[in-house]
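Subject: Structure for you to look at

Hello,

Here is the structure you will be working with. Please open it first and keep it beside you while you read the notes below.

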Amino acid sequence: MAPRISVIGTGYLGATHAAGMAELGHEVVGVDTDASRIRALAEGRVPFYEPGLPELLRRHVESGRLRFTTDLAEAAAFADVHFVCVGTPQGPGGAADLTALHRVVDDLVPALRRTALVVGKSTVPVGTAEALVERIARLRPSVEVDLAWNPEFLREGHAVEDTLRPNRLVLGVPSPAAEWALRQVYARPLADGTPVVVTNLPTAELVKVSANAFLATKISFVNAMAELCEVTGGDVAALADALGHDDRIGRKFLGAGLGYGGGCLPKDVRALIARATELGTPESVDFLHGVEAVNARRRQRVVDEALGALRRTGPWLHGRVGVLGAAFKPHSDDVRDSPALDVARRLSREGAWVTVFDPQASVTARTVAPELRYAANAVAACRKADVVLHLTEWPEFADLDPARLLEAARGRVLVDARNTLDPAPWLAAGWDVRTLGTLVGVPLERPLAV
Ligand SMILES: NC(=O)C1=CN([C@@H]2O[C@H](COP(=O)(O)OP(=O)(O)OC[C@H]3O[C@@H](n4cnc5c(N)ncnc54)[C@H](O)[C@@H]3O)[C@@H](O)[C@H]2O)C=CC1
Ligand SMILES: O=C(O)[C@H]1O[C@H](OP(=O)(O)OP(=O)(O)OC[C@H]2O[C@@H](n3ccc(=O)[nH]c3=O)[C@H](O)[C@@H]2O)[C@H](O)[C@@H](O)[C@@H]1O
């Protein structure tokens with residue numbers, strides 16, 4: 001018989017995983033301590049923006065295959081496999097904060113009345129799972145409890161597709177029985193030929209953090225090359241294309257610009273540095289300090305570019321900046337460690353009058369950055385702006401009418417910090433287009449010293 005599933009923690013990861021498991025044919029209960037979140041999900045409403053998820057959720061809530069509760073004991077009584085998807089945010093010193101994970105284990109294990117497989121999906125420092133095995137033993141469960149680790153690689157904005165058709169499955173398992181149970185859970189993607197790596201607990205944990213650290217490294221690598229392009233007259237877009245044609249390198253994640261942000265890459269890089277230090281091998285991830293430093297410089301680079309343009313156009317302390325984009329990337333309303341919002345807030349702290357438009361993230365942005373102004377559309381954000389910054393590459397920004405925006409604006413400097421707008425129509429309309437490390441518009445006036 002197919003295992004029944006609980007998903008504990010129904011944020012970006014857990015809500016998607018719960019709906020995805022229902023789509024794969026399972027009976028699922030989602031659990032969260034946040035009652036308002038559970039109420040929304042139970043009514044078929046997704047409390048964040050994720051394309052395709054509302055339809056999937058509604059279908060399975062209506063069919064009765066997917067339900068939600070705040071009662072962990074109910075989930076303990078119902079399910080055979082418990083996916084733990086709670087947050088592991090950055091704690092003091094950069095290490096991951098495992099408080100929520102510990103609380104779930106401490107509450108769930110004593111409530112179990114049937115043999116259970118607890119499956120960690122949250123991103124954790126290597127060694128966490130083995131420590132949890134001991135924690136579970138100390139709780140003296142009255143039934144047999146196994147612990148597996150099954151890290152998640154979904155990308156926000158593509159979460160449904162990544163859940164239903166993952167590019168690989170990693171199963172960190174302590175026993176053949178645990179592997180068998182997870183193979184039952186993922187029977188459909190496995191039948192479709194999804195590659196699977198079956199391994200031990202520490203390897204599964206490390207795969208996840210090393211994947212995110214590698215992606216961050218790739219982004220910072222190309223951004224470091226962008227810095228060199230800026231001082232030499234090179235073009236990082238052509239460079240990335242040329243590198244990408246080598247399929248040992250690949251073009252993906254060589255998008256130079258404002259750098260990485262979000263709820264995962266930044267915190268996972270810092271947590272890996274912190275864990276390596278705890279383990280006594282800080283030198284093995286020394287290079288990640290460089291990765292972080294390049295990433296931090298990209299944000300400052302855009303702030304400096306905007307301030308430079310404001311100073312040239314007049315009394316910059318009262319200058320106006322129109323910002324296109326607040327989310328950490330397009331197709332998401334997530335503003336956790338968003339490079340776009342960070343740049344906007346720094347400019348506001350410098351005294352600029354900043355107005356932001358984002359197609360989906362204005363509400364989430366307003367809650368963390370209430371000091372900024374939010375516009376209902378791109379033209380309104382650019383009204384009377386001395387400088388316009390393109391900070392999140394939403395596809396609709398590519399369709400903006402540059403002539404209309406120029407009419408609304410006061411200045412004519414456009415900084416395309418994501419290097420994704422086609423400069424031709426902007427230049428033709430009269431914009432002074434600045435990019436980061438590409439040969440577009442006028443040459444940069446204050447090259448970086450590298
Ligand atoms: N967001 C993403 O795209 C991905 C996230 N991850 C990892 O998954 C984990 C969760 O991330 P997100 O979903 O983004 O976080 P989130 O903050 O959106 O969601 C966490 C949820 O856990 C709930 N929670 C906290 N304590 C709880 C408890 N004791 N019992 C039940 N629920 C509880 C919170 O109320 C919240 O709804 C993190 O470790 C993250 O690194 C992994 C892959 C993708
Ligand atoms: O652990 C996680 O939560 C997830 O973290 C990332 O996914 P996500 O945070 O949704 O976003 P990405 O698409 O990886 O983008 C991260 C950041 O890098 C930036 N980026 C991405 C690609 C690029 O070429 N250049 C670049 O600056 C994006 O703008 C964004 O700010 C990973 O891609 C997922 O595989 C992983 O599951």
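What follows is a short account of what was found, going from the domains to single residues.

The model is predicted, so please read every value here as computed from that prediction.

**Domains**

The protein is divided into domain 1, residues 5-199, and domain 2, residues 200-450. Their C-alpha centres lie 32 Å apart. Where they meet, 27 residues of domain 1 are in contact with 26 residues of domain 2. On the domain 1 side, helix H6 (128-138) and strand S7 (169-172) each supply at least two residues. H6 gives the most to that side, with three residues. By class, the domain 1 side has 16 nonpolar, nine polar and two charged residues.

**The core**

The largest nonpolar core has 133 residues. The members that touch the most other members are Ile8, Ala306, Val323, Ala344, Val356, Val387 and Leu389. Helix H10 gives the most to this core, with 11 residues. Domain 1 and domain 2 both give residues to this core, so it lies between them.

Leu389 is a good residue to select on screen. Setting aside residues up to four places away in sequence, Leu389 touches Val302, Ala306, Val321, Val323, Leu324, Val343, Val415 and Ala417. Two of these contacts, Ala306 and Val323, are also on the list of core members with the most contacts to other members.

**A stretch named in UniProt**

An unreviewed UniProt entry places the feature "domain: UDP-glucose/GDP-mannose dehydrogenase C-terminal" at residues 322-423. Over residues 322-423 the chain is 30% helix and 18% strand. The C-alpha atoms at the two ends of this stretch are 18 Å apart.

**The two ligands**

Ligand 1 is surrounded by 26 residues, of which Gly9, Gly11, Leu13, Ser122 and Thr123 are the closest. Two elements give two or more residues to this shell: helix H1 (12-23) and helix H5 (99-111). By class, the shell around ligand 1 has 10 nonpolar, 10 polar and six charged residues.

Ligand 2 has 22 residues around it, and Glu156, Gly255, Tyr260, Gly262 and Cys264 come nearest. Which element gives the largest share of this shell? It is helix H10 (residues 201-232), with three residues. The shell around ligand 2 draws at least three residues from each of the two domains. Its residues divide into 11 nonpolar, seven polar and four charged.

**Positions listed as binding site**

Under "binding site", the unreviewed UniProt entry lists Asp32, Arg37, Thr88, Thr123, Glu156, Lys267 and Arg336. These positions span 305 residues in sequence, and the farthest two C-alpha atoms are 23.9 Å apart, so they do not all gather at one spot. Thr123 is also among the residues closest to ligand 1, and Glu156 is among those nearest to ligand 2.

Thr123 is found in the loop between strand S5 (116-120) and H6. Is Thr123 buried or exposed? Thr123 counts as buried, because it has 22 C-beta neighbours inside 10 Å and the cut-off for buried is 20 or more. Apart from residues up to four places away in sequence, Thr123 touches Thr88, Pro151, Lys208, Val209, Cys264 and Asp268. One of these, Thr88, is itself on the binding-site list.

Arg336 lies in the loop between S9 and H14. With 19 C-beta neighbours inside 10 Å, Arg336 counts as partly exposed. Leaving aside neighbours within four places in sequence, Arg336 is in contact with Gly262, Gly263 and Phe328. Gly262 is one of the residues that come nearest to ligand 2.

**Two positive phi angles**

Asp337 is not a glycine, yet it has a positive phi of about 45°. Asp337 sits in the loop between strand S9 (320-324) and helix H14 (339-349). Asp337 is partly exposed, with 17 other C-beta atoms within 10 Å.

Asn419 also has a positive phi without being a glycine, at about 55°. Its place is in the loop between strand S13 (413-416) and helix H18 (423-429). Asn419 is buried, with 21 other C-beta atoms within 10 Å.

Regards

Terms used: Residues are numbered from 1 along each chain as its sequence is written. Chains are lettered from A and ligands numbered from 1 in the order in which they are written. This is a predicted model: local features need pLDDT of at least 70, side-chain atom pairs count only at pLDDT 80 or more; totals for chains, interfaces and linings use all residues. A residue is near a molecule or strand if its C-beta atom, placed from the backbone, lies within 6 Å of it. Helices (H or I, at least four residues) and strands (E, at least two) are DSSP runs, numbered from the N terminus. Ala, Val, Leu, Ile, Met, Phe, Trp, Tyr, Cys and Pro count as nonpolar, Asp, Glu, Lys and Arg as charged, and the others, Gly among them, as polar. Domain bounds come from an automatic or database domain assignment. A nonpolar core is a set of buried Ala, Val, Leu, Ile, Met, Phe, Trp, Tyr and Cys residues joined through C-beta atoms within 7 Å. A residue is buried if 20 or more other C-beta atoms lie within 10 Å of its own, exposed if 12 or fewer, and partly exposed in between; C-beta atoms are placed from the backbone. Two residues are in contact if their C-beta atoms, placed from the backbone, lie within 7 Å. UniProt positions are given in the numbering used here, feature names are shortened, and annotations may be inferred rather than shown by experiment.
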